[in-house]
Amino acid sequence: MTMRTHSASVIVPVPSNIRLTNEKFPLDHLRHWYLDPDFAVLAPDLERLFRTLDISCTPSAENEADFILRMGSDPVPDVWRMTVSSSGITAEAGERGGARYAVDALTQMLFASVLTAGRASALLDGAEIQDAPRFSWRGFHLDSARHFQDTATIKRVLRVLAHFRINVFHWHLTDNQGWRFAGKTVPLLDGEGTWSCGQYTPDDLREIAGYARDLGIRIVPEVDVPGHSARLLAKYPQFACDPAAPGSEWCLGNPDSLEFLKRILSELMDLFPDSPVIHIGGDEAETDHWEKCPMCQAAMRERNLHSMRELENDFMVRLSRFVAERGRSPMIWGTCSGQVYPPDTIIQVWLDIREPLKIAAHGNKMVYSVHNSLYFDYPANLSESWEPWMFELSERGVYMTDPYIIWPEKVKDFMLGTEACLWTEAVQQHRVMSKIFPRIFAYSECAWSQPERKSYADLVRRRELLEASGLTDYLKGL
Ligand SMILES: [Zn+2]
């Protein structure tokens, strides 16, 4: 026997506003559904939902429907509202993002209701729900360079992310251990990798981009330079300071480096025409090769710079200008080495909780990914194996994360939102879902919900109920 809970009190992430009523709508009365034609992309989701839960509900005209999802007058992205009454379910959104989230909320309510009451007597309780996101950037990053994931796995990940209202997929496509997109500019780079093999063809990328678009997810593709480039430089050693021992860093003093990188980025932008933001890396480059390189030394002097870190900054600013000139927004990992970028460059904070103060002072927008709060490769508990650089990252720890930290007045105008990062040095393809679940429930409330609506104890209650209902397996496509 399971305690019945009000069916609107199961939704993850918790909505901004819910008014509960005493009305009941039995699932047996759910016979017909109607979608606004602009939301037709959601029809397969509804069909699968009703089929899975054994609900005989078919499309109809609006005036005959018991579930109606109509176009609202409020075009604000991702906003949705829903009323459940004894006569049916009516939802409204001003665009597709909000419409999808209404269907996802309905999905959770139906799964929970069937679990707690049994299919024969399942019902939805009356409610009026209004919802809007706290942040416009609700990101998830996946490293496909260290361990490759095939197209089917990427699609499963995207489907899960969309359900939890994640709207940015930051895709780490290159690193020391692998180069994952096939391109005309770099024909020598195949899918060979240090720990796994595989590469996305242009057709794979187009297919995934289309899939993400239909789910309301923007892809932020990343080519990580000037460090993290051992795989490329092994095949193209002429762009390293020492071609005999190329290492991981591009030669910053060789003018051909920048030109070759521009060609690579042009091709990447052509492969992702819908991506408004292009990530160019910028993290963890070592200066050793540059210090010993005559070309890097000469470039530093010519540009009146005083250190290799300044030369690196200059190189990345030039690359970011190229991205900006092509009409995209450049994005770069933040560092603590004093780098400063033009204000149109988005900075991803990952290393230090004090970085947001500095970034806001420089006028850059930022995304919050500080590692010990949001790196999903870190162990969820210490029964998992871990690497020396990792901290324990419990569900509770994720839940407590707030991108404003303790400086809301100083940073909030610059904070676009959050991004959880799944690096894969230690995560093979078959463990990807086990790293996403169950912390994605907690993360979705960090990214979406207002702080005053959050309660960890209540999140655990809702998460356990939804997991028991079969929702997790349903989302994974099992
Ligand atoms: Zn050099």
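Residues 24 or more positions apart make up 70% of the contacts in the protein chain with a separation of 6 or more, a contact being two C-beta atoms, placed from the backbone, within 7 Å. The model is a predicted one, so local features need pLDDT of at least 70 and side-chain atom pairs count only at pLDDT 80 or more, while totals for chains, interfaces and linings use all residues. Numbering runs from 1 along each chain as its sequence is written.

On to overall shape. The C-alpha trace spans about 80 × 45 × 45 Å along its principal axes. Of the 478 residues, 47% count as buried (20 or more other C-beta atoms within 10 Å of the residue's own).

The domain assignment splits the chain into domain 1 (7-132) and domain 2 (137-448), with bounds from an automatic or database assignment. Their C-alpha centres sit 37 Å apart, and the contact draws nine residues from domain 1 and 10 residues from domain 2.

As for the interior, the largest nonpolar core holds 141 residues, and Ala102, Leu161, Ile217 and Cys296 have the most contacts inside it. Such a core is a set of buried Ala, Val, Leu, Ile, Met, Phe, Trp, Tyr and Cys residues joined through C-beta atoms within 7 Å. Helix H2 (residues 96-117) is its top contributor, giving 12 residues; helices are DSSP runs (H or I, at least four residues) numbered from the N terminus. Both domain 1 and domain 2 supply residues to this core, so it lies between them. Leaving aside residues up to four places away in sequence, Ala102 touches Leu69, Trp80, Met82, Ala91 and Ala93.

Methods:
Buried ≥ 20, exposed ≤ 12 C-beta atoms within 10 Å, placed from the backbone. Helix = DSSP H or I, 4+ residues; strand = E, 2+ residues; numbered from the N terminus.
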